[in-house]
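Thanks for taking a look at this one with me. Here are a few notes to help you find your way around.

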Amino acid sequence: MDTVLTLDSDGHLAHLSDWSEQAAEQLAASENILLSDAHWEIIYVLKEFHQRFALSPPMRPLVRYVAQQLGKEKGRSIYLMQLFPPSPARVASKIAGLPRPENCL
Amino acid sequence: MANYCIKSDTMTQRGAHEFCLQNEGLNANSVSCQTIFYQNLLEYLQLASVKLLIKQIANPMNFALLILGPPYSTQASASALRFARAALNGGHSIYRLFFYHDGVHNASAMVTTPQDESSLPQQWSELIEQHQLDSVVCIAAATRRGVLNEQEAKRFGKTGGNLSPGHEVSGLGQLVDASLNADRVMTFG
Amino acid sequence: MLLHTVNKSAFNSGTLGDCLRVVAENDAVLLFENGVYGALDNSHGKFSHREHIQKLSASGTRFYILQADCEARGLDASALLPIFTMINDADFVTLAVEASAIQSWY
Amino acid sequence: MDKPAIEKPEDRAILLVFRHAPYGNALAREGLEAALACGAMGATTNVLYINEGVWQLVEPQDSHAIDCKNQAAMASALPLYGVEAIWIDEDSLKQRNLTSTDINAGKIIDRTQVQALLATSQAILSF
């Protein structure tokens, strides 16, 4: 059974500490995404990015970082687009329980 | 006799010409508050049979101003305002005002001053209105400091927006764009 | 040519010194706001940048000071290093136009 | 967030000059965010750490207790955002008795190189 998550008006977690793998599945469902191993791999890379740089990455740095961590095949925007449509940086950070990338770009 | 400045489309035409019109039978409201394309302007003036005084500026520049200082706490905002006025009076254009860091407080409509002192946020709004300037307040910096437009206020569940007229809230991309496309970038911190 | 602007007083900030250290021969330096105190002729010791300014001036750097900020603070032109040219807001704009870029030291 | 790179004039570079220490005020943090935005949008970007700004690069930093984001950690993301040209003023390091082993990134340049960097930049954003 789904736990009730507190979300902000954009559907991101209001409290990042609420994140769990179960929460991620719920957040993914709200984006019509069923999480596969390929998704989880990216989600954990994103969490690591946030842990390491204290930032929620927009597309370009995300692609670069995925390429560094998981190899060039996966570090491509088309690959991320297939997993987290329509806007991988926004959708994936939501599911990974990162702050909403600031509207700065 | 009032002078009205009309700019060509500064967004697409670099080094835009500035025109000074002498106010002869010209409806001030119809020209002072909108940007008119160079071509359309000439056609319009022909139709209106207005005597046109064109002042060609030797070296017209498009300035971008990055304003980091809050109103009153430091002089930075007042200095930037004086610079902007002097640039416009000298026939130059302002590509964009970008309010960032504590500068976002210059866009707060809540700022209130005694009758014998001028309100910097109000003066900025008036300058923006008068010259139809592009003014951007960084959304991230402003949100952190409690300067929000109606839409953002609603989104974050706050009681109401407090953004002064004339400003737009947008991202740092607008600063990057201004840095790449304005002729000169000035920081006022 | 770069335009450097300095708006902090030399008496409580290293900003003017930081600026002068990297100013190049054909650059221009404008003191405004509290920066105008850095142009005083009679300052002494660690607060005085007179020698540095004179040396730079001799090699071609131009020095300006904003009139409105001097007047507001009661600084008379006679109290300032003669190297400084007093300018108004319109001249400030002209300097920015002439410069390839503007570095603001604050 | 996923906007394509903007159009830009050829050979136009943005220089961000970081002159303030981290944490004491938001200039360091917000300057860095501006640099990250420049990089993320594909602008040719240079970053110069000079004067008090060099403290931003000192490692290790642990800003947990003062409830701030780790400035050095954020700065280390610059290359991922496409900002590779990171310069540090040598004199500023010396004045503070810092050496290359105290800082986490960038290339140390002397006064003449700082002057050249300023002279060749068309847009300077000072933080």
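**Notes on the cavity and its helices**

1. A good place to start in this predicted model is the set of residues around the largest cavity: Ser79(B), Arg82(B) and Phe83(B) on one chain, with Phe32(C), Leu66(C), Asp89(C) and Phe92(C) on the other. Two elements each give two or more residues to this lining, namely α3 (76-89) of chain B and α4 (89-98) of chain C. The largest share belongs to α3(B), with three residues.

2. You will not need to search for others of this kind, as the structure holds one cavity of 30 Å³ or more. The space inside the largest cavity is about 30 Å³.

3. What sort of residues make up the lining of the largest cavity, by class? Four are nonpolar, two are charged and one is polar.

4. Next, please look at how the two helices sit against each other. The axes of α3(B) and α4(C) are 8 Å apart, and the helices pack at an angle of about 80°. Angles of 65 to 115 degrees count as roughly perpendicular, and α3(B) and α4(C) are therefore roughly perpendicular to each other.

5. Which residues meet where these helices pack? From α3(B) come Arg82(B), Phe83(B), Ala86(B) and Ala87(B), while α4(C) brings Asp89(C), Ala90(C), Phe92(C), Val93(C) and Ala96(C). By class, this contact of α3(B) with α4(C) has seven nonpolar and two charged residues, and no polar ones.

6. One last thing to look at in the viewer: Arg82(B), Phe83(B), Asp89(C) and Phe92(C) are among the residues lining the largest cavity, and they also take part in the contact of α3(B) with α4(C).

Conventions: Residues numbered from 1 in each chain as written. Chains lettered and ligands numbered in written order. Predicted model: local features only at pLDDT ≥ 70, side-chain atom pairs only at ≥ 80, totals over all residues. Heavy atoms only, no water. 1 Å grid on protein atoms, 1.4 Å probe; cavity = no way out; pocket = protein on both sides within 12 Å on 5 of 7 lines; lining within 4 Å. Points joined across faces, edges and corners; volume = space filled by probe spheres on them. Helix = DSSP H or I, 4+ residues; strand = E, 2+ residues; numbered from the N terminus. Nonpolar A, V, L, I, M, F, W, Y, C, P; charged D, E, K, R; others polar. Axes fitted to C-alpha atoms, helices over the stretch in contact; angles between N-to-C directions. Parallel < 35°, antiparallel > 145°, perpendicular 65-115°, else oblique. Contact = heavy atoms within 4.5 Å.
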